Amino acid sequence: MCTYSTEHVPATGSGKGPNGWFRLSEVSVYLDHPAHALADHTLNIDFINPAHGPSARVAVELTAQTARDLASAIESALAAAPPGLA
Amino acid sequence: MNEALTAETVMMKGHNGDEVEAYLARPDGTEFIGGVVLIHHLPGYDSSTKEMARKFAAYGYSALMPNLYYRDSPGASPDDAAAAARAKGGVPDEQVVGDVAGAAAYLRSLAGSNGRIGVIGHCSGGRQAFLAACSLPLDAAVDCYGGAVVHVPQGAPASMKPLIGLSENLSCPLLGLFGADDQFPTPPETAELSRTLDELSKPHEFRTFTGAGHAFFSVDRPSYRVEAAVEGWDKIWAFFGEHLAGKA
């Protein structure tokens with residue numbers, strides 16, 4: 001199915017796309033068909049900056065388990081950071 | 001059928017007269033050619049849908065697939081363009097209808113056209129094929145597992161509305177090809193659409209394949225189901241053969 005549902009996250013940071021590093025302005029997160037992964041549906045994350053055009057994008061397509069593991073790892077890394085860093 | 005064809009990228013007039021990129025595949029050396037507007041799925045104007053366009057040409061139809069994401073992403077790769085369109089909240093229904101109308105006019109203007117035009121789409125394109133058939137004068141429409149026709153899912157853009165209320169405007173016969181295991185649309189949803197079309201005396205044929213879910217025509221995805229896809233293509237050839245082929 002095409003889910004149409006998308007989470008939009010304002011972003012501050014950088015990503016490296018096909019033309020090198022660029023400043024991020026937004027992250028789109030959605031569960032839908034992948035373009036490349038061999039699965040019916042994946043958790044897709046697009047790190048983008050529309051002001052730099054559609055190719056200013058770092059894309060990942062993750063299985064649901066990988067996405068959950070990633071979310072947990074991000075939280076763990078942030079929690080383990082020394083005080084004042086994150 | 002010699003299956004000789006020509007395929008190329010062209011520019012056409014879409015909604016509001018906008019110049020829109022489109023992929024055209026047409027048979028060589030044939031007269032009285034029916035036209036097929038091919039609506040790409042949400043993942044975009046991609047190589048697998050272009051391959052379908054060439055298949056239509058091999059079977060004797062001119063097929064034109066407008067790039068629904070061209071306005072905001074000219075020259076972008078299909079996946080980047082699809083992501084950009086999604087980040088913007090998708091393509092408005094009105095714009096899709098205008099692009100299909102432009103594609104139909106383009107096909108009718110081709111040398112050898114018999115003036116008959118059908119529309120087909122898969123997934124989101126299936127929904128949009130139904131939308132186009134309820135909005136434009138067409139000769140045949142094929143909805144391949146289009147969701148959000150009867151019910152719109154949670155989280156969809158607020159601009160997306162169910163289409164079942166447009167059924168009385170359906171301008172042509174409709175072929176619906178669905179998977180029994182699909183969650184979007186579910187078999188009860190397609191049954192509801194069929195009942196509505198029955199009540200309105202709108203000609204339609206729905207086939208729901210057991211053992212198939214969503215996107216069973218997609219040869220490059222794990223969802224591909226060979227039995228459903230082969231029978232589905234046979235249904236399409238019979239349907240377009242009846243409504244689009246030959247001397248008008």
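**Strand pairing, chain contacts and buried residues in a predicted two-chain model**

Within strand S3 of chain A, Leu43(A) is the residue that serves as the bridge partner of Leu31(A). The model in which this pairing appears is a predicted one, and the description below starts from the sheet to which the pairing belongs. Strands S2(A) and S3(A) run antiparallel and are joined by 7 bridges. They are part of an open sheet of 4 strands in chain A, arranged in the order S1-S2-S3-S4 with antiparallel pairing. At the edges of this sheet lie strand S1 (7–17) and S4 of chain A, each of which pairs on one side only. From one strand to the next, the twist averages 25°. A helix of the other chain, H2 (residues 78–87) of chain B, packs on the sheet and touches S2, S3 and S4 of chain A, its direction making about 75° with that of S2(A).

Chain A as a whole contains 1 helix and 4 strands, and its elements follow the order β-β-β-β-α when read from the N terminus. Its C-alpha trace spans about 45 × 30 × 20 Å along the principal axes, and 27% of its 86 residues are buried. Among the contacts in chain A with a separation of 6 or more, 37% are accounted for by residues 24 or more positions apart. The confidence of the prediction for chain A averages a pLDDT of 94, with 99% of the residues scoring at least 70. Confidence in this chain is lowest in S2(A), where the mean is 96, and highest in S4(A), where it is 98.

The contact between the two chains involves 21 residues of chain A and 29 residues of chain B. On the side of chain A that touches chain B, the elements giving two or more residues are strand S2 (20–32), strand S3 (42–48) and strand S4 (57–62) of chain A. Of these, S2(A) gives the most, with 3 residues. The residues on this side of chain A divide into 11 nonpolar, 6 polar and 4 charged.

Strand S2 of chain A also holds Phe22(A), which counts as buried because 20 other C-beta atoms lie within 10 Å, the cut-off for a buried residue being 20 or more. When neighbours within four places in sequence are left aside, Phe22(A) is in contact with Ser14(A), Gly15(A), Gly17(A), Asn49(A), His52(A) and Ala56(A). One of these partners, His52(A), is 30 residues from Phe22(A) in sequence, yet the two are 8.3 Å apart in space, C-alpha to C-alpha.

In chain B, helix H4 (residues 124–133) is mostly covered, with 10 of its 10 residues buried. The buried residues of H4(B) include Arg127(B) and Gln128(B) as well as Phe130(B) and Leu131(B). What covers them includes strand S3 (33–39), helix H3 (93–109), strand S5 (113–122), strand S6 (140–144) and strand S7 (174–179) of chain B.

In soluble globular proteins, nonpolar side chains tend to be buried together. The largest nonpolar core here has 83 residues, and those that touch the most other members are Val37(B), Leu38(B), Ala63(B), Leu64(B), Val119(B), Ala133(B) and Ala141(B). Helix H3(B) supplies the largest share of this core, 7 residues. For Val37(B), the contacts beyond neighbours within four places in sequence are with Leu64(B), Val100(B), Ala103(B), Ala104(B), Leu107(B), Ile117(B) and Val119(B).

Several residues of chain B have notable backbone geometry. Asn16(B), in the loop between strand S1 (5–13) and strand S2 (19–27) of chain B, has a phi near 60°, a positive value in a residue other than glycine. Ala215(B), which is not a glycine either, has a positive phi of about 60° and is placed in the loop between strand S8 (204–209) and helix H6 (226–243) of chain B. As to burial, Asn16(B) is exposed, with 11 other C-beta atoms within 10 Å, whereas Ala215(B) is buried, with 24 such atoms within 10 Å. A cis peptide bond, with omega about 15°, joins Phe184(B) and Pro185(B), and Pro185(B) is found in the loop between S7 and helix H5 (187–199) of chain B.

Definitions and conventions. Residues numbered from 1 in each chain as written. Chains lettered and ligands numbered in written order. Predicted model: local features only at pLDDT ≥ 70, side-chain atom pairs only at ≥ 80, totals over all residues. Contact = placed C-beta atoms within 7 Å. Nonpolar A, V, L, I, M, F, W, Y, C, P; charged D, E, K, R; others polar. Buried ≥ 20, exposed ≤ 12 C-beta atoms within 10 Å, placed from the backbone. Pairing = 2+ DSSP bridges. Axes fitted to C-alpha atoms, helices over the stretch in contact; angles between N-to-C directions. Core = buried A, V, L, I, M, F, W, Y, C linked by C-beta atoms within 7 Å. pLDDT = per-residue confidence, 0-100.
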